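Thank you all for coming. Please take a moment with the sequence and the model before I go through how the chains sit against one another.

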Number of protein chains: 4
Amino acid sequence: MKSVIEIKVRGDHLDQHGHVNNVRYTEFLEEARYNLLDPHEDVLSVLKTSGIMLFIVNININFSQPAFLGDPLRIESGISQIDRKSGIIHQRILKNNRDKPILSADATFVAMDAATGKALPMEGKLLAGIQKIAGE
Amino acid sequence: MKSVIEIKVRGDHLDQHGHVNNVRYTEFLEEARYNLLDPHEDVLSVLKTSGIMLFIVNININFSQPAFLGDPLRIESGISQIDRKSGIIHQRILKNNRDKPILSADATFVAMDAATGKALPMEGKLLAGIQKIAGE
Amino acid sequence: MKSVIEIKVRGDHLDQHGHVNNVRYTEFLEEARYNLLDPHEDVLSVLKTSGIMLFIVNININFSQPAFLGDPLRIESGISQIDRKSGIIHQRILKNNRDKPILSADATFVAMDAATGKALPMEGKLLAGIQKIAGE
Amino acid sequence: MKSVIEIKVRGDHLDQHGHVNNVRYTEFLEEARYNLLDPHEDVLSVLKTSGIMLFIVNININFSQPAFLGDPLRIESGISQIDRKSGIIHQRILKNNRDKPILSADATFVAMDAATGKALPMEGKLLAGIQKIAGE
């Protein structure tokens, strides 16, 4: 995976079962996606000046195991797939010392022409940028 | 749909694009699922005394259109499917005066024996309770 | 109080003690302040076209009693004070059937000229608008 | 200050003005307070086995300057005052390369006997533990 962040489970992440609530996981995943993009300001800058915006169109999260107060979580993120019309950021959350993810998620994104609002195919500068973030 | 709640988009729901951020949508969906259960404290009470816990194992969200500051949102929720091992809460978010959802989501849940940690089939008291929430 | 909203305590509002976490209270208070302004779009519109922005400069919250899962909360908000340079929104959170607030808060706001970034005294159109929201 | 954490401003932290929203700041401050306690699990363990709970009774936040998308924030926290009945955690948020805080906050806490619900004076094991966290 291209991005790894660590988050420790705090009291305000929990719900009535003492488990991390699904809303807090989506915050962790959002932070991790930003972290994935952090080293690629050059790519984001090219997209911006080209009037290209990226949007998430689907988020699909599998919850396998609960996490508890004080658990050290590791969130891994990377671009796992690039298709003609969309890309996928794959993410996993692991308890620090374990091999099996307690949660896995896919965020599907598309590109849009900011001026016309039309979807853009993954080609040219856009494709090159996404591939760079993917580490290809 | 069995539950309808209304939420007005506030400043703290937005991101850098002025759109409601995906994290905030997951908060709206969570609130709506609780609201779906509110009239069924009797069912929840039976499940609790029977040592049955419900857990969400998958959340799948499709984002179709952005929502903006001040937009009045309507969130509809209902149980759309009951299988042998799991059930699905289907949810849609609509701008109040529109027909087409800006977001649709499925939350898949399973039941577990709180004592043994084992998955429980959807049958007996459990199935009856879920069907009642589903309005069947 | 000029604005009253109701919020039911949900699982994701809690912390490890089973109490509503202070972060969630600040969300409730933010929602309640927006609700206070909702009937005054005319005032906000005048301020906006006059290039006047309102900013919160201080939030002071007293926590008296905890709230628990399922508690029905009532959040009251109103402008309690208008000084030469600032105003105060006073807020209280009560459990629905009780007289004594479990939380009280003051949010102090000031006005700024959006063009120059300078603080504006509470006078003229600005003062009239704030007084209208205060219900004077 | 005894605890320093860094948080980068993300899209979901913003409001309609493109500024970090006050709710998100309270999340940052909560995380920072947990971080302040992280090295002191021994103290927390002694308090827990003695049936002593710590609660925040007041949060007072001054907002001086806005923070924007991508701003690297540094959050400093430390115990600044210990009185007979309460203590204060003082916190400041700075943009990484600046000297002046954009936000400062005080969180006042008290101790309670978990069994009786009565407030406890800052003395004995309790006082010793708080002083240790304070770095005295």
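Which residue of chain A comes closest to the rotation axis? That residue is Asn60(A), whose C-alpha lies at 2.1 Å. Before I go further, I should say that this is a predicted model, in which local features need pLDDT of at least 70, side-chain atom pairs count only at pLDDT 80 or more, and totals for chains, interfaces and linings use all residues. As for naming, residues are numbered from 1 along each chain as its sequence is written, while chains are lettered from A and ligands numbered from 1 in the order in which they are written.

Let me begin with the axis itself. A turn of 180° with a shift of 0.0 Å along the axis lays chain A on chain B with an RMSD of 0.0 Å, where copies are superposed by least squares on the C-alpha atoms of residues with pLDDT of at least 70 in both. The same surface serves both copies, since 100% of the contact residues of chain A recur in chain B.

Turning to the contact, 13 residues of chain A meet 13 residues of chain B, where contact asks that the C-beta atoms, placed from the backbone, lie within 7 Å. Two elements of chain A, α1 (22-37) and β2 (52-63), each give two or more residues to this side; helices (H or I, at least four residues) and strands (E, at least two) are DSSP runs, numbered from the N terminus. The largest share, eight residues, comes from β2(A). By class, that side of chain A has six nonpolar, five polar and two charged residues, with Ala, Val, Leu, Ile, Met, Phe, Trp, Tyr, Cys and Pro counted as nonpolar, Asp, Glu, Lys and Arg as charged, and the others, Gly among them, as polar.

Now to the strands, which pair if DSSP finds at least two bridges between them. β2(A) and β2(B) pair in the antiparallel sense over five bridges, and here Ile59(A) has Ile61(B) as its bridge partner. Within chain B, β2(B) also pairs with β5 (residues 103-113), in the antiparallel sense and over eleven bridges, and in β5(B) the partner of Ile61(B) is Ala105(B).

Notes
Two residues are in contact if their C-beta atoms, placed from the backbone, lie within 7 Å.
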